[in-house]
Amino acid sequence: MQTLLNQLVYFGFFQSLFLLGVYLFSAKNRKNVNGYIAFLIFVLFIGLSGRVLHMSKVFGDNFRLIAISEFAILLFGATVFLFTKSSLTNQRFIARDLVHYIPAIGYILFVVFYFMIPSDEVIVARIQRGELYAVVNVLVGIGLTFNCTYWFLSLRQFLKFRNSLKNELSYTIKTQFFLNFLIAIGACLLVWISMYFISLFGLETIEREARKFIWLGIAFIILFIAYYGMIAPDLFRIQSLNLSQKYSQSKLSHKDLDILKTQLEQMMTAKKPYLNTKLMKAELASMLGISNPELARLLNERIGMNFFDFVNYYRIKEFIVLAKTDKAKELTFFGLAQEAGFNSKTTFNKAFRSLMGTSPSAYFNEKL
């Protein structure tokens with residue numbers, strides 16, 4: 001088992017080194033790849049380098065070299081969060097982002113002065129008193145706390161972004177790959193937390209051994225993501241949207257809103273803008289002759305739906321009409337749904353069930 005672990009460490013180390021080289025020496029990749037994913041690879045490189053130096057015995061059998069791997073602990077979570085944030089908002093590096101790394105600097109300095117600088121006699125004395133293992137437990141707890149906190153912040157950022165799309169887009173965009181990235185890291189952290197609490201009951205050996213594989217698991221997840229980030233950068237480049245600002249400055253009266261509601265409903269019936277599978281709220285607002293925030297207010301105060309649900313309501317109505325025509329003999333349910341403006345089978349099924357209370361097949365089996 002130890003041999004397999006060593007081989008995986010070497011593989012992860014050289015893979016991270018290779019990807020860093022590709023990023024540094026390829027102008028194309030530096031331009032296309034999110035800089036935070038490159039820094040995330042560098043963090044992994046640090047995390048694995050300590051173990052590689054210790055296993056290879058380049059500097060002798062010095063156990064202090066393993067402590068180098070600890071430098072990456074608090075750098076990891078903060079970088080995952082900043083990577084998530086920058087990918088979803090198209091926001092490049094700004095100086096205040098460095099604030100997230102201040103705890104990591106303090107952590108690294110503590111590791112250097114507590115584990116690496118003291119003599120062997122001091123370290124042995126700390127082990128005999130049980131002090132060293134107690135400190136290690138505290139540091140692992142701190143590391144887990146910071147990484148889990150930043151993971152939750154990353155997930156919240158992603159879910160907030162995905163929910164905000166429903167106020168701007170009438171279609172779904174592919175974000176599953178990004179969500180899988182966060183889920184995989186979250187699963188590794190959950191296992192690590194479980195092992196940590198097991199260690200607190202006196203089973204430190206289990207946690208220490210498991211920690212090696214958990215860290216490797218996280219490393220390979222990041223390397224996998226980094227690889228795809230380089231060969232298919234669009235997977236993580238979600239186009240920034242001009243999300244509508246709060247409509248508190250809108251000067252529309254209640255009478256204006258009533259008139260606009262009637263005009264909007266007439267336009268949806270006559271011009272059928274919902275047949276555009278890529279319809280955005282800004283486009284519909286322009287057709288109605290009002291601003292994006294004003295349309296948001298109209299939908300909220302007079303329609304009672306977000307933009308996504310409002311447009312899909314008309315698409316479902318169009319689908320039901322089409323299902324009763326001769327086209328229904330030539331096309332599948334999803335084919336008809338595409339004719340009605342849907343671009344996703346999953347979105348169509350969810351929208352239909354939400355509006356009609358049943359699935360399309362069950363609905364038409366009952367009606368026809």
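Cys-148 has a relative accessibility of 15% and therefore counts as buried (buried meaning under 20% relative accessible area, exposed over 50%, partly exposed in between, with a 1.4 Å probe and protein chains only). Cys-188 is likewise buried, and the two values are set out below.

| Residue | Relative accessibility | Class |
|---|---|---|
| Cys-148 | 15% | buried |
| Cys-188 | 14% | buried |

This is a predicted model, in which local features need pLDDT of at least 70 and side-chain atom pairs count only at pLDDT 80 or more, while totals for chains, interfaces and linings use all residues. Residues are numbered from 1 along each chain as its sequence is written, and side-chain values use heavy atoms, with hydrogens and water left out.

Across the whole structure, the search for disulfides (pairs of cysteine sulfur atoms within 2.5 Å) finds zero.

The largest nonpolar core (a set of buried Ala, Val, Leu, Ile, Met, Phe, Trp, Tyr and Cys residues joined through side-chain atoms within 4.5 Å) has 49 residues, of which Val-80, Phe-115, Phe-181, Leu-182 and Ile-185 touch the most other members. Leaving aside residues up to four places away in sequence, Val-80 is in contact (heavy atoms within 4.5 Å) with Leu-40, Ser-154, Phe-181, Leu-182 and Ile-185. Apart from this core lies another, of 19 residues, including Met-267 and Phe-307.

Elsewhere, Leu-260, Gln-263, Leu-264, Met-267 and Met-268 in helix H10 meet Leu-284, Met-287 and Leu-288 in helix H11 (helices being DSSP runs of H or I, at least four residues, and strands runs of E, at least two, numbered from the N terminus).
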